[in-house]
Amino acid sequence: ITETDFSQLGVPAPIMGDPPRSPSSPYTPTTFHRNESINTGSVEDEPLLAPTSSRLLNRAGKFNVNVRGVPFSRHRRDAYHTLQDLKWWKLISLLTLYYGTVNVVFASFYYSPCLFGGEMGIGLESDDVAPCSFAEAYFFSVETFATIGFGRRNPTTPVSSGVVVVESWVSILTMAAISAFMYHKLARASKLRHSVIYSSVAVINNDEYFYKGDSNSGSYTKGEPCLAFRFCNLLKRQLVSTNFRLYYYEELPGPELNHVSTNSDLFPTNSSLGSPKSKYGPDVHFAIYEMEYTYPYQIGRMRDINLPTPLLPLPCTIVHHIDKNSPLYHTTRSGLHARKAEIICVLDAVDEACSDTLQVRWSYTSDNIVWDAKLQHCVHRDGRTGQFIVDATKFSNVFPLNSDSESSTDDTRL
(Lines give C-alpha, C1' and ligand atoms only; values in the text may rest on other atoms or scores of the structure.)
Protein backbone atom coordinates (compact mmCIF):
# COMPACT_ATOMS: atom_id res chain seq x y z
CA ILE A 1 0.00 0.00 0.00
CA THR A 2 1.35 3.42 -0.89
CA GLU A 3 1.13 6.82 0.70
CA THR A 4 -1.33 7.83 -2.04
CA ASP A 5 -3.66 5.01 -0.98
CA PHE A 6 -3.73 6.33 2.58
CA SER A 7 -4.42 9.86 1.36
CA GLN A 8 -7.51 8.57 -0.47
CA LEU A 9 -8.76 7.17 2.84
CA GLY A 10 -8.29 10.49 4.56
CA VAL A 11 -5.73 9.10 7.02
CA PRO A 12 -1.99 9.77 7.32
CA ALA A 13 0.40 7.18 5.97
CA PRO A 14 2.11 5.22 8.77
CA ILE A 15 5.88 5.26 9.10
CA MET A 16 7.11 2.06 7.55
CA GLY A 17 10.17 -0.08 8.09
CA ASP A 18 11.23 0.80 11.64
CA PRO A 19 12.82 -2.13 13.50
CA PRO A 20 10.85 -3.85 16.28
CA ARG A 21 11.71 -3.03 19.87
CA SER A 22 13.83 -5.19 22.11
CA PRO A 23 12.78 -6.00 25.68
CA SER A 24 15.50 -3.73 27.08
CA SER A 25 14.81 -0.66 24.93
CA PRO A 26 11.82 1.67 24.45
CA TYR A 27 9.37 0.70 21.73
CA THR A 28 9.98 1.76 18.16
CA PRO A 29 6.98 2.26 15.85
CA THR A 30 6.41 -0.08 12.96
CA THR A 31 3.49 -1.08 10.73
CA PHE A 32 2.50 -4.54 9.50
CA HIS A 33 0.41 -5.89 6.67
CA ARG A 34 -2.58 -8.14 7.28
CA ASN A 35 -0.77 -11.49 7.25
CA GLU A 36 2.52 -10.31 8.66
CA SER A 37 3.80 -12.40 11.50
CA ILE A 38 4.47 -9.89 14.26
CA ASN A 39 7.35 -11.91 15.65
CA THR A 40 9.10 -13.14 12.51
CA GLY A 41 8.50 -10.18 10.23
CA SER A 42 7.44 -12.34 7.26
CA VAL A 43 4.87 -10.78 4.97
CA GLU A 44 2.52 -12.44 2.50
CA ASP A 45 1.69 -10.71 -0.76
CA GLU A 46 -1.78 -9.48 0.25
CA PRO A 47 -3.06 -5.89 0.40
CA LEU A 48 -3.70 -4.16 3.68
CA LEU A 49 -7.25 -3.27 2.66
CA ALA A 50 -9.91 -5.58 1.30
CA PRO A 51 -11.61 -4.57 -1.97
CA THR A 52 -14.18 -1.86 -1.33
CA SER A 53 -16.84 -3.75 -3.27
CA SER A 54 -16.77 -6.64 -0.80
CA ARG A 55 -17.30 -4.51 2.30
CA LEU A 56 -20.58 -3.60 3.90
CA LEU A 57 -19.19 -0.15 4.73
CA ASN A 58 -16.85 1.38 2.15
CA ARG A 59 -13.88 3.62 2.88
CA ALA A 60 -15.99 6.76 2.35
CA GLY A 61 -18.15 5.75 5.33
CA LYS A 62 -21.12 4.87 3.13
CA PHE A 63 -22.93 1.55 3.15
CA ASN A 64 -22.29 -0.56 0.08
CA VAL A 65 -25.98 -1.37 -0.33
CA ASN A 66 -28.04 -0.87 -3.48
CA VAL A 67 -31.80 -1.23 -3.00
CA ARG A 68 -33.50 -2.37 -6.21
CA GLY A 69 -37.10 -3.00 -7.13
CA VAL A 70 -38.44 0.07 -5.33
CA PRO A 71 -41.52 1.52 -7.08
CA PHE A 72 -40.96 4.96 -8.53
CA SER A 73 -44.01 6.19 -6.64
CA ARG A 74 -42.07 5.95 -3.37
CA HIS A 75 -39.39 8.30 -4.71
CA ARG A 76 -42.07 10.62 -6.05
CA ARG A 77 -43.75 10.87 -2.64
CA ASP A 78 -40.48 12.08 -1.12
CA ALA A 79 -39.06 14.04 -4.03
CA TYR A 80 -37.36 16.56 -1.75
CA HIS A 81 -35.04 14.05 -0.04
CA THR A 82 -34.60 12.10 -3.27
CA LEU A 83 -33.21 15.24 -4.89
CA GLN A 84 -31.10 15.99 -1.81
CA ASP A 85 -29.33 12.68 -2.25
CA LEU A 86 -28.36 13.38 -5.86
CA LYS A 87 -24.78 14.26 -6.72
CA TRP A 88 -24.15 17.91 -7.47
CA TRP A 89 -23.65 17.45 -11.20
CA LYS A 90 -26.89 15.49 -11.48
CA LEU A 91 -28.77 18.09 -9.46
CA ILE A 92 -27.44 21.04 -11.50
CA SER A 93 -28.25 19.19 -14.72
CA LEU A 94 -31.79 18.49 -13.52
CA LEU A 95 -32.38 22.11 -12.48
CA THR A 96 -31.00 23.34 -15.82
CA LEU A 97 -33.38 21.00 -17.63
CA TYR A 98 -36.27 22.27 -15.50
CA TYR A 99 -35.33 25.89 -16.21
CA GLY A 100 -35.21 25.33 -19.95
CA THR A 101 -38.41 23.28 -19.98
CA VAL A 102 -40.45 25.86 -18.04
CA ASN A 103 -39.37 28.66 -20.36
CA VAL A 104 -40.17 26.56 -23.43
CA VAL A 105 -43.66 25.84 -22.03
CA PHE A 106 -44.45 29.51 -21.38
CA ALA A 107 -42.87 30.56 -24.69
CA SER A 108 -45.29 28.15 -26.35
CA PHE A 109 -48.22 29.98 -24.71
CA TYR A 110 -46.90 33.34 -25.93
CA TYR A 111 -46.36 31.96 -29.41
CA SER A 112 -49.67 30.04 -29.64
CA PRO A 113 -51.74 32.97 -31.19
CA CYS A 114 -49.39 32.90 -34.17
CA LEU A 115 -50.54 29.35 -34.94
CA PHE A 116 -54.02 30.73 -35.59
CA GLY A 117 -52.94 33.71 -37.64
CA GLY A 118 -52.85 36.23 -34.77
CA GLU A 119 -50.12 38.20 -33.05
CA MET A 120 -48.01 37.07 -30.06
CA GLY A 121 -49.12 40.04 -27.95
CA ILE A 122 -45.55 41.08 -27.19
CA GLY A 123 -44.68 44.69 -27.84
CA LEU A 124 -41.26 46.18 -28.46
CA GLU A 125 -39.81 49.43 -27.09
CA SER A 126 -40.36 51.06 -30.48
CA ASP A 127 -44.13 50.53 -30.04
CA ASP A 128 -43.99 47.91 -32.74
CA VAL A 129 -45.45 44.46 -32.28
CA ALA A 130 -42.89 41.69 -32.12
CA PRO A 131 -42.98 39.43 -35.16
CA CYS A 132 -44.16 35.86 -34.80
CA SER A 133 -40.89 34.30 -33.72
CA PHE A 134 -40.49 31.52 -31.20
CA ALA A 135 -37.09 32.98 -30.29
CA GLU A 136 -38.73 36.29 -29.34
CA ALA A 137 -41.33 34.41 -27.27
CA TYR A 138 -38.63 32.34 -25.54
CA PHE A 139 -36.46 35.31 -24.58
CA PHE A 140 -39.53 37.18 -23.33
CA SER A 141 -40.32 34.17 -21.15
CA VAL A 142 -36.75 34.15 -19.78
CA GLU A 143 -36.97 37.88 -18.92
CA THR A 144 -40.32 37.36 -17.19
CA PHE A 145 -39.29 34.20 -15.31
CA ALA A 146 -36.03 35.73 -14.02
CA THR A 147 -37.58 39.22 -13.51
CA ILE A 148 -34.79 40.73 -15.61
CA GLY A 149 -36.90 43.52 -17.08
CA PHE A 150 -34.76 44.97 -19.85
CA GLY A 151 -37.78 46.91 -21.05
CA ARG A 152 -37.46 45.97 -24.70
CA ARG A 153 -40.35 43.49 -24.63
CA ASN A 154 -43.69 43.86 -22.86
CA PRO A 155 -47.16 42.21 -23.00
CA THR A 156 -49.73 44.03 -25.11
CA THR A 157 -52.81 41.77 -25.02
CA PRO A 158 -54.95 40.38 -22.19
CA VAL A 159 -53.86 36.84 -23.08
CA SER A 160 -50.15 37.59 -22.91
CA SER A 161 -50.66 39.63 -19.73
CA GLY A 162 -52.45 36.68 -18.12
CA VAL A 163 -49.61 34.35 -19.06
CA VAL A 164 -47.14 36.83 -17.51
CA VAL A 165 -49.09 36.75 -14.23
CA VAL A 166 -49.03 32.96 -14.11
CA GLU A 167 -45.34 32.77 -15.06
CA SER A 168 -44.33 35.34 -12.43
CA TRP A 169 -46.12 33.31 -9.76
CA VAL A 170 -44.41 30.10 -10.91
CA SER A 171 -41.10 31.98 -10.86
CA ILE A 172 -41.60 33.12 -7.26
CA LEU A 173 -42.42 29.59 -6.10
CA THR A 174 -39.51 28.11 -8.06
CA MET A 175 -36.91 30.58 -6.76
CA ALA A 176 -38.09 30.11 -3.17
CA ALA A 177 -37.96 26.32 -3.46
CA ILE A 178 -34.55 26.26 -5.16
CA SER A 179 -33.07 28.73 -2.64
CA ALA A 180 -34.24 26.64 0.33
CA PHE A 181 -33.19 23.44 -1.38
CA MET A 182 -29.68 24.67 -2.25
CA TYR A 183 -29.18 26.05 1.25
CA HIS A 184 -30.05 22.74 2.88
CA LYS A 185 -27.82 20.83 0.51
CA LEU A 186 -24.89 23.16 1.15
CA ALA A 187 -25.51 23.09 4.90
CA ARG A 188 -25.74 19.31 5.19
CA ALA A 189 -23.46 17.95 7.89
CA SER A 190 -22.27 15.02 5.78
CA LYS A 191 -18.96 16.77 5.05
CA LEU A 192 -18.33 17.26 8.76
CA ARG A 193 -17.58 13.55 9.10
CA HIS A 194 -14.22 14.16 7.42
CA SER A 195 -13.14 16.05 10.53
CA VAL A 196 -13.05 12.77 12.48
CA ILE A 197 -10.28 10.28 11.75
CA TYR A 198 -10.19 6.59 12.67
CA SER A 199 -7.00 4.58 12.88
CA SER A 200 -6.61 2.72 9.60
CA VAL A 201 -5.98 -0.53 11.48
CA ALA A 202 -7.26 -2.14 14.67
CA VAL A 203 -5.10 -4.29 16.92
CA ILE A 204 -5.67 -7.43 18.98
CA ASN A 205 -3.44 -8.01 21.99
CA ASN A 206 -3.41 -9.00 25.66
CA ASP A 207 -2.05 -5.65 26.84
CA GLU A 208 -5.20 -3.50 26.93
CA TYR A 209 -7.07 -2.69 30.12
CA PHE A 210 -10.70 -3.82 30.24
CA TYR A 211 -13.42 -3.89 32.88
CA LYS A 212 -14.03 -7.22 34.59
CA GLY A 213 -16.90 -7.68 36.99
CA ASP A 214 -20.61 -6.95 37.31
CA SER A 215 -22.30 -3.59 36.79
CA ASN A 216 -21.91 -2.56 40.45
CA SER A 217 -18.44 -3.78 41.31
CA GLY A 218 -15.37 -4.79 39.39
CA SER A 219 -11.95 -3.58 38.36
CA TYR A 220 -9.82 -2.87 35.33
CA THR A 221 -7.33 -5.52 34.41
CA LYS A 222 -5.43 -6.87 31.41
CA GLY A 223 -3.97 -10.17 30.25
CA GLU A 224 -6.84 -11.39 28.06
CA PRO A 225 -7.43 -10.80 24.31
CA CYS A 226 -8.86 -7.39 23.44
CA LEU A 227 -9.61 -5.53 20.23
CA ALA A 228 -8.53 -1.87 20.21
CA PHE A 229 -8.69 1.06 17.79
CA ARG A 230 -9.00 4.81 18.13
CA PHE A 231 -10.50 7.93 16.59
CA CYS A 232 -10.12 11.67 17.09
CA ASN A 233 -11.56 15.00 15.99
CA LEU A 234 -9.00 16.81 13.80
CA LEU A 235 -10.55 20.28 13.90
CA LYS A 236 -10.47 22.87 16.67
CA ARG A 237 -14.22 23.26 16.87
CA GLN A 238 -15.65 20.69 19.20
CA LEU A 239 -18.22 17.95 18.71
CA VAL A 240 -20.65 17.62 21.61
CA SER A 241 -23.40 15.20 22.68
CA THR A 242 -21.32 12.31 21.38
CA ASN A 243 -22.58 8.74 21.26
CA PHE A 244 -20.60 5.72 20.07
CA ARG A 245 -21.79 2.25 19.06
CA LEU A 246 -19.94 -0.85 17.94
CA TYR A 247 -21.33 -3.67 15.76
CA TYR A 248 -20.13 -6.96 14.34
CA TYR A 249 -21.32 -8.07 10.90
CA GLU A 250 -20.77 -11.51 9.38
CA GLU A 251 -22.17 -13.56 6.55
CA LEU A 252 -23.55 -16.89 7.68
CA PRO A 253 -21.78 -19.76 5.92
CA GLY A 254 -23.30 -22.70 4.09
CA PRO A 255 -22.74 -26.35 5.01
CA GLU A 256 -19.42 -26.45 3.17
CA LEU A 257 -18.02 -23.77 5.51
CA ASN A 258 -19.16 -25.21 8.82
CA HIS A 259 -15.56 -26.00 9.70
CA VAL A 260 -14.85 -22.28 10.14
CA SER A 261 -14.35 -21.77 13.85
CA THR A 262 -16.74 -19.45 15.64
CA ASN A 263 -18.51 -19.22 18.93
CA SER A 264 -21.26 -21.55 17.69
CA ASP A 265 -22.98 -21.80 21.07
CA LEU A 266 -23.81 -18.11 21.06
CA PHE A 267 -24.04 -17.54 17.33
CA PRO A 268 -25.40 -20.67 15.61
CA THR A 269 -25.09 -21.03 11.87
CA ASN A 270 -28.45 -20.82 10.12
CA SER A 271 -27.67 -21.99 6.60
CA SER A 272 -30.71 -24.21 6.09
CA LEU A 273 -32.97 -21.37 5.00
CA GLY A 274 -33.98 -21.90 1.41
CA SER A 275 -35.22 -19.28 -1.02
CA PRO A 276 -35.76 -19.04 -4.78
CA LYS A 277 -32.71 -18.10 -6.78
CA SER A 278 -32.50 -14.34 -7.25
CA LYS A 279 -31.89 -12.68 -10.62
CA TYR A 280 -29.39 -10.38 -8.92
CA GLY A 281 -27.01 -13.10 -7.71
CA PRO A 282 -26.50 -15.54 -4.83
CA ASP A 283 -28.35 -15.02 -1.57
CA VAL A 284 -26.53 -13.52 1.40
CA HIS A 285 -27.48 -14.68 4.90
CA PHE A 286 -26.02 -12.33 7.44
CA ALA A 287 -26.17 -11.44 11.11
CA ILE A 288 -25.34 -8.25 13.01
CA TYR A 289 -24.41 -8.24 16.69
CA GLU A 290 -23.86 -5.41 19.12
CA MET A 291 -20.43 -5.36 20.74
CA GLU A 292 -19.60 -4.07 24.21
CA TYR A 293 -16.62 -1.77 24.65
CA THR A 294 -14.69 0.13 27.28
CA TYR A 295 -14.05 3.89 27.17
CA PRO A 296 -13.27 5.71 29.31
CA TYR A 297 -12.57 4.23 32.72
CA GLN A 298 -15.86 4.09 34.61
CA ILE A 299 -15.26 3.90 38.33
CA GLY A 300 -17.83 4.51 41.03
CA ARG A 301 -21.01 4.34 38.95
CA MET A 302 -23.23 1.66 37.52
CA ARG A 303 -22.05 0.72 34.04
CA ASP A 304 -25.53 -0.16 32.78
CA ILE A 305 -26.96 3.36 33.25
CA ASN A 306 -25.74 4.55 29.86
CA LEU A 307 -22.90 4.08 27.43
CA PRO A 308 -19.63 5.97 27.91
CA THR A 309 -19.33 9.30 26.12
CA PRO A 310 -16.18 9.86 24.02
CA LEU A 311 -14.19 13.03 24.66
CA LEU A 312 -13.08 13.98 21.17
CA PRO A 313 -10.40 16.69 21.66
CA LEU A 314 -8.02 13.83 22.53
CA PRO A 315 -7.77 10.48 20.73
CA CYS A 316 -10.34 8.00 22.01
CA THR A 317 -9.11 4.42 22.26
CA ILE A 318 -11.99 1.94 22.18
CA VAL A 319 -11.31 -1.47 23.78
CA HIS A 320 -13.51 -4.52 23.22
CA HIS A 321 -12.85 -7.43 25.58
CA ILE A 322 -12.98 -10.73 23.68
CA ASP A 323 -14.75 -12.92 26.22
CA LYS A 324 -17.32 -15.70 25.86
CA ASN A 325 -20.01 -13.09 25.08
CA SER A 326 -18.03 -11.60 22.21
CA PRO A 327 -18.70 -12.57 18.57
CA LEU A 328 -14.89 -12.76 18.20
CA TYR A 329 -14.57 -15.44 20.88
CA HIS A 330 -12.72 -18.57 19.69
CA THR A 331 -12.50 -17.30 16.14
CA THR A 332 -9.41 -17.12 13.95
CA ARG A 333 -8.11 -14.70 11.39
CA SER A 334 -8.96 -17.11 8.57
CA GLY A 335 -12.42 -17.57 10.10
CA LEU A 336 -13.05 -13.82 10.08
CA HIS A 337 -11.91 -13.65 6.47
CA ALA A 338 -14.09 -16.59 5.38
CA ARG A 339 -17.18 -15.08 6.99
CA LYS A 340 -16.47 -11.61 5.55
CA ALA A 341 -16.63 -10.33 9.10
CA GLU A 342 -16.67 -6.58 9.59
CA ILE A 343 -16.46 -4.54 12.78
CA ILE A 344 -18.55 -1.40 12.25
CA CYS A 345 -18.00 1.77 14.27
CA VAL A 346 -20.68 4.47 14.43
CA LEU A 347 -20.08 7.83 16.08
CA ASP A 348 -22.96 10.32 16.47
CA ALA A 349 -22.21 13.91 17.49
CA VAL A 350 -23.40 17.50 17.25
CA ASP A 351 -21.18 20.25 15.88
CA GLU A 352 -21.09 23.06 18.44
CA ALA A 353 -20.58 25.76 15.80
CA CYS A 354 -23.75 25.19 13.77
CA SER A 355 -25.64 22.58 15.86
CA ASP A 356 -25.65 20.13 12.95
CA THR A 357 -25.97 16.44 13.75
CA LEU A 358 -23.43 14.20 12.06
CA GLN A 359 -22.63 10.51 11.96
CA VAL A 360 -19.12 9.20 11.28
CA ARG A 361 -18.87 5.55 10.24
CA TRP A 362 -15.84 3.30 9.83
CA SER A 363 -15.23 -0.43 9.68
CA TYR A 364 -12.47 -3.00 10.10
CA THR A 365 -12.25 -6.31 8.29
CA SER A 366 -9.79 -9.13 8.87
CA ASP A 367 -7.48 -7.32 6.46
CA ASN A 368 -7.39 -4.28 8.75
CA ILE A 369 -6.61 -6.07 12.03
CA VAL A 370 -3.03 -6.46 13.25
CA TRP A 371 -2.50 -9.22 15.82
CA ASP A 372 -0.06 -9.08 18.75
CA ALA A 373 0.48 -5.35 18.30
CA LYS A 374 -0.44 -2.12 20.06
CA LEU A 375 -1.23 1.38 18.87
CA GLN A 376 1.65 3.82 19.20
CA HIS A 377 1.33 6.84 21.47
CA CYS A 378 0.50 9.96 19.47
CA VAL A 379 -0.23 12.58 22.17
CA HIS A 380 2.62 14.77 23.38
CA ARG A 381 3.01 17.97 25.37
CA ASP A 382 4.73 21.01 23.94
CA GLY A 383 7.73 21.71 26.16
CA ARG A 384 7.50 25.46 25.59
CA THR A 385 3.77 26.21 25.81
CA GLY A 386 2.50 23.14 27.67
CA GLN A 387 -0.12 22.59 24.96
CA PHE A 388 -1.23 19.08 24.07
CA ILE A 389 -0.01 17.97 20.63
CA VAL A 390 -1.77 15.18 18.70
CA ASP A 391 0.62 13.82 16.07
CA ALA A 392 -1.62 12.75 13.17
CA THR A 393 1.33 11.13 11.38
CA LYS A 394 1.47 8.49 14.13
CA PHE A 395 -2.26 7.96 14.45
CA SER A 396 -2.34 4.63 12.59
CA ASN A 397 1.10 3.39 13.68
CA VAL A 398 1.45 0.19 15.70
CA PHE A 399 4.36 -1.59 17.34
CA PRO A 400 4.79 -5.33 17.99
CA LEU A 401 4.30 -7.17 21.24
CA ASN A 402 5.60 -10.58 22.37
CA SER A 403 8.52 -10.45 19.95
CA ASP A 404 10.10 -13.51 21.60
CA SER A 405 6.99 -15.67 21.71
CA GLU A 406 5.51 -18.07 19.19
CA SER A 407 4.49 -16.48 15.89
CA SER A 408 0.88 -15.52 15.26
CA THR A 409 -0.76 -17.34 12.35
CA ASP A 410 -4.09 -17.28 10.57
CA ASP A 411 -5.26 -20.22 12.72
CA THR A 412 -4.44 -18.65 16.09
CA ARG A 413 -7.60 -18.76 18.21
CA LEU A 414 -8.72 -15.91 20.44
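Two strands count as paired if DSSP finds at least two bridges between them. The views below come from a predicted model.

**View 1. Strand 8 meets strand 9.** Strand 8 covers residues 239–251. Five bridges tie strand 8 to strand 9, and the two run antiparallel. One pair to look for is Glu 251 with Phe 286, its bridge partner in strand 9.

**View 2. Strand 8 meets strand 11.** Strand 11 spans residues 342–351. Nine bridges link strand 11 with strand 8, again in an antiparallel arrangement. Here Tyr 247 has Ile 344 of strand 11 as its bridge partner.

**View 3. The whole open sheet.** Four strands build this sheet, in the order 9-8-11-12. Their pairing is antiparallel. Strand 9 (286–290) and strand 12 (357–365) are the edge strands; each has a single partner strand, so one side of each lacks a neighbour in the sheet. On average, neighbouring strands of the sheet are turned by 25° against each other, direction ignored. In a regular strand, side chains alternate between the two faces of the sheet.

**View 4. The largest nonpolar core.** This core holds 36 residues. Tyr 198, Phe 229, Phe 231, Phe 244 and Ile 343 have the most contacts inside it. Another core lies apart from it, with 14 residues, including Val 102, Ile 122, Leu 124 and Ala 137.

**View 5. Around Phe 231.** Neighbours within four places in sequence are left aside here. Among the residues in contact with Phe 231 are Val 196, Ile 197, Tyr 198 and Phe 244. Its contacts also include Pro 310, Leu 312, Leu 314, Pro 315, Cys 316 and Ile 318. Leu 347 and Phe 395 touch Phe 231 too.

Conventions: Residues are numbered from 1 along each chain as its sequence is written. This is a predicted model: local features need pLDDT of at least 70, side-chain atom pairs count only at pLDDT 80 or more; totals for chains, interfaces and linings use all residues. Side-chain values use heavy atoms; hydrogens and water are left out. A nonpolar core is a set of buried Ala, Val, Leu, Ile, Met, Phe, Trp, Tyr and Cys residues joined through side-chain atoms within 4.5 Å. Buried means under 20% relative accessible area, exposed over 50%, partly exposed in between (1.4 Å probe, protein chains only). Contact means heavy atoms within 4.5 Å. Axes are lines fitted to C-alpha atoms, for helices over the stretch in contact, and angles run from 0 to 180 degrees between N-to-C directions.
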